[in-house]
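Dear colleague,

I am handing over the structure below, and after it you will find my notes on what turned up in it. Please read them with the model open beside you.

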Amino acid sequence: MTDLTFEAALNDRTNEMLDACTRCGKCVEVCPSAQPANIKDAAPADVIAGIIDFVRGGDGPETSRRWATSCTLSGACIEACDEGVNPRFLLAMARVAIRRRDFEPAQQRRDGLTKYRDTSREVTMLSQLQLERAALERLGQGGASGPVPGEAPDFIFYTGCNVLRTPHIALLALDIMDTLGISYRSMGGPSHCCGVVQLRTGDVEMSGRMGTNSIDKMSHSKSGQVLSWCPSCQVQFTETTLPAIERQRGSRPFEMTPFIAFLGTRLDALKAACREPVALRVALHQHPGMPSVVRAASAILQAIPGVEIVDLKQPAIGLQSASLGVIAAHKQELQRAELQAAYDAGVDALVTIYHSEHRELCAHEFDWPFRIVNLMEVLGQSMGLHRHDRYKELKLAQDADLIVGECHDLIAHHAIDPALAREMVVKAMLGDQPLPVGNGPLSAPAATANTPLA
């Protein structure tokens with residue numbers, strides 16, 4: 001244990017990386033965001049030198065600022081570096097430095113708290129519009145969490161926040177662990193914030209406080225392992241918070257593994273549990289930010305009897321779909337091209353890995369003659385497990401009043417103000433649509449309004 005504060009420990013690690021960086025520019029050369037960020041013609045060595053200047057408190061060039069703020073967390077830069085530097089982490093630190101230069105500390109704190117509260121309200125409301133209290137408690141929300149109270153579980157299953165908007169995905173993950181005989185305790189949601197929201201506004205002190213508090217809550221399992229669902233939480237904890245805490249305390253409280261990658265290490269057990277063939281011709285929607293997850297997702301699909309995988313040969317960038325919001329126009333182009341490619345290939349389903357792309361893509365079932373399903377749904381089907389995708393069912397209606405009406409029982413169950421529920425549906429469900437619905441081969445005039453629910 002040292003006397004270092006969280007921020008001092010973070011700065012120490014950052015400075016070591018800055019000293020190790022040779023400014024060769026390889027990280028810029030391989031970055032898939034360089035072209036949509038309009039820095040492709042800039043000298044790579046100058047761009048990374050500007051990032052270092054920003055982090056050290058200087059005033060880097062506009063091309064470096066644009067690169068930092070257009071980062072989709074693809075991770076190609078990490079593999080390209082020969083010096084053991086994590087450029088993805090340095091870009092995060094550059095964004096912090098830019099925020100701190102542009103905004104006063106009080107504004108950083110206000111922006112972080114506002115975003116945290118907005119996210120908390122959206123996550124809580126959307127999950128309550130789909131689940132009763134008992135199911136939410138199983139996901140670690142509002143009560144007991146996990147099937148083994150009173151004893152340390154094998155693993156902590158950390159949901160993060162935003163998968164709770166599509167809770168059938170998280171519930172299937174728990175069902176799969178039950179089937180494999182894995183003991184766990186579910187934690188996550190706004191009460192277990194990773195701190196990434198505060199970091200993005202420049203409020204390092206609050207980010208460290210939130211992340212450290214959550215880490216201390218999760219540091220109780222037999223294996224010393226936390227299985228994470230959310231990729232942005234995984235990156236925030238493993239690349240920022242845990243390394244800083246290790247410098248403070250002299251050791252890591254636990255290791256964190258992406259849940260899909262964890263399942264990839266248990267393929268034999270999954271194959272034994274996949275008893276039902278799933279006759280589907282599928283394409284996998286991919287983001288390369290965590291390569292182990294993409295490899296595991298492909299291997300899991302290959303292990304499911306009856307599944308045929310089609311390579312759409314589409315470019316894949318970013319950590320998850322939400323990470324591409326910083327290059328919004330390019331994101332729309334990628335989604336439009338992938339949907340068209342899936343149609344041309346005649347797939348039965350486009351399979352998502354994470355929750356953010358599932359939310360963004362699922363309503364396009366209205367436009368295209370194939371399903372949008374999550375990997376957990378396909379795996380669960382073969383294992384005899386099913387969770388209804390209520391989020392997709394509601395979103396396909398594309399009508400806020402109809403959706404609120406369909407949820408009236410749960411609105412009463414959770415004592416939600418119907419007007420607030422409608423506001424949240426408009427903003428956080430129907431508004432979460434980067435590529436507008438109504439532009440595919442099955443679309444018809446006015447087809448995206450007043451559609452009855454199945």
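Phe157 and Phe259 are both buried, and they make a good place to begin, with the reminder that this is a predicted model. The centres of their two rings lie 5.3 Å apart and their planes stand at 80 degrees, an angle over 60 degrees, so the pair counts as edge-to-face. This pair joins distant parts of the chain, since Phe157 belongs to strand β1 (residues 155–158) and Phe259 to helix α13 (residues 259–264), with their positions 102 residues apart.

Phe259 also forms an aromatic pair with Trp229, and this one is tilted, with 6.2 Å from centre to centre and 45 degrees between the planes. Here too distant parts of the chain are linked, because Trp229 sits in the loop between β3 and α12 (231–249) while Phe259 is in helix α13, 30 residues apart. Trp229 has a relative accessible area of 4% and is therefore buried, and Phe259, at 1%, is buried as well. Taken together, ring pairs connect Phe155, Phe157, Trp229, Phe259 and Phe262 into a cluster, and a search of the whole structure gives seven aromatic pairs.

How are the strands of the sheet ordered? There are four of them in an open sheet, in the order β2-β1-β3-β4, and their pairing is parallel. Strands β2 (184–187) and β4 (255–258) stand at the edges with a single partner strand each, which means that one side of each has no neighbour in the sheet. On average, and ignoring direction, neighbouring strands of this sheet are turned by 30 degrees against each other. Between strand β3 (residues 225–228) and β4, which run parallel, there are four bridges, and Val226 is found opposite Met256 in β4.

Two charged side chains also sit over rings. The charged end of Arg13 is placed over the ring of Phe89, 4.3 Å from its centre, and that of Arg99 is placed over the ring of Phe103, at 4.0 Å from the ring centre.

Finally, is Ser127, a residue of helix α7 (residues 105–128), buried or exposed? Its relative accessible area is 5%, which is under 20%, so Ser127 is buried. A polar atom of the Ser127 side chain lies 2.9 Å from the backbone oxygen of Val123, and, once neighbours within four places in sequence are set aside, Ser127 is in contact with Leu136 and Leu164.

With best wishes

Technical notes
Residues numbered from 1 in each chain as written. Predicted model: local features only at pLDDT ≥ 70, side-chain atom pairs only at ≥ 80, totals over all residues. Heavy atoms only, no water. Buried < 20%, exposed > 50% of the residue type's maximum accessible area, 1.4 Å probe, protein only. Polar contact = N/O pair within 3.5 Å; in protein donor to acceptor, adjacent residues only side chain to side chain. Contact = heavy atoms within 4.5 Å. Pairing = 2+ DSSP bridges. Helix = DSSP H or I, 4+ residues; strand = E, 2+ residues; numbered from the N terminus. Axes fitted to C-alpha atoms, helices over the stretch in contact; angles between N-to-C directions. Phe/Tyr/Trp six-rings, centres within 6.5 Å; stacked < 30°, edge-to-face > 60°. Lys NZ or Arg CZ within 6 Å of the ring centre and 35° of its normal.
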